[in-house]
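Subject: Structure for your review

Dear colleague,

Please find below the structure that I am handing over to you. My findings follow directly after it.

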Amino acid sequence: MTTQESMGLKIKSLREEKKLSQSDLATLVGYKDKTAIAKVEAGKVDLPQSKISAFAKALNTTTSYLFSDELKDTPSEVSAFPPDVRAAARGMMDLSEEDKKSAIDMINFLSKRGKEAKDS
């Protein structure tokens, strides 16, 4: 399998996980229509770095993951988590350090409250 084919499969898998159409993804990465996305997903396009970065940002992943040999839909160290948890974690990557701390504090608060409710 070529790098382009592997990257295309990952892009398609992540797009489907996020329930985006090819047209939606085309708009997010700056293509005119879904035809370009179909070609990328089929591994028929050698993408420039700028487009790889655009795909990574639109799909909340990294360019390293898109280039990797891994064929799972997400990097292995987080694949044990449900899709909604993985999506939340990827979303945190775009937050400022202060906002990340606030999000973690909120998660800890909700987790503690949930544990207390179970114990009652």
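The protein chain contains seven helices and zero strands, and its order along the sequence is α-α-α-α-α-α-α. The radius of gyration is 17 Å, well over the 14 Å that the globule rule gives for 120 residues, so the protein chain is more spread out than a compact globule. The C-alpha trace spans about 55 × 25 × 25 Å along its principal axes.

Please bear in mind that this is a predicted model. The mean pLDDT of the protein chain is 84, with 90% of the residues at 70 or more. Residues 73-78 call for caution: pLDDT stays under 50 over this stretch, for which the model has 15 contacts beyond four places in sequence. Where pLDDT is low, the predicted coordinates should not be read in detail.

Packing and surface

Of the 120 residues in the protein chain, 23% are buried. If one takes the contacts between residues at least 6 apart in sequence, 54% of them join residues at least 24 apart. The accessible surface of the protein chain amounts to about 7,900 Å², and carbon and sulfur atoms account for 55% of that area. As for charge, the protein chain has 20 positive and 19 negative charges, and the mean positions of the two sets are 4 Å apart.

The loop between α4 and α5

Helix α4 covers residues 49-58 and α5 covers residues 63-67; Thr61 is found in the loop between them. Is Thr61 buried or exposed? Thr61 has a relative accessible area of 12%, and it counts as buried because this value is under the 20% cut-off. Apart from neighbours within four places in sequence, the contacts of Thr61 are Leu14, Ala56, Leu66 and Arg90. Asn60 lies in the loop between α4 and α5 as well. The phi of Asn60 is near 50°, a positive value in a residue other than glycine.

The loop between α1 and α2

Lys19 is found in the loop that runs between α1 (3-17) and α2 (22-29). Although Lys19 is not a glycine, its phi is positive, at about 60°. With a relative accessible area of 73%, Lys19 is exposed, because this value is over the 50% cut-off.

Should you examine the backbone, the two residues with positive phi described above are Lys19 and Asn60.

With kind regards

Conventions: Residues are numbered from 1 along each chain as its sequence is written. This is a predicted model: local features need pLDDT of at least 70, side-chain atom pairs count only at pLDDT 80 or more; totals for chains, interfaces and linings use all residues. Side-chain values use heavy atoms; hydrogens and water are left out. Helices (H or I, at least four residues) and strands (E, at least two) are DSSP runs, numbered from the N terminus. The radius of gyration is taken over C-alpha atoms; the globule rule is 2.2 Å times the number of residues to the power 0.38. Buried means under 20% relative accessible area, exposed over 50%, partly exposed in between (1.4 Å probe, protein chains only). Contact means heavy atoms within 4.5 Å. Accessible areas come from the Shrake-Rupley method with a 1.4 Å probe; for residues, only the protein chains shown count as cover. Lys and Arg count as positive and Asp and Glu as negative; His and the chain ends are not counted. The place of a charge is taken as NZ of Lys, CZ of Arg, CG of Asp or CD of Glu. pLDDT is the predictor's confidence in each residue, from 0 to 100.
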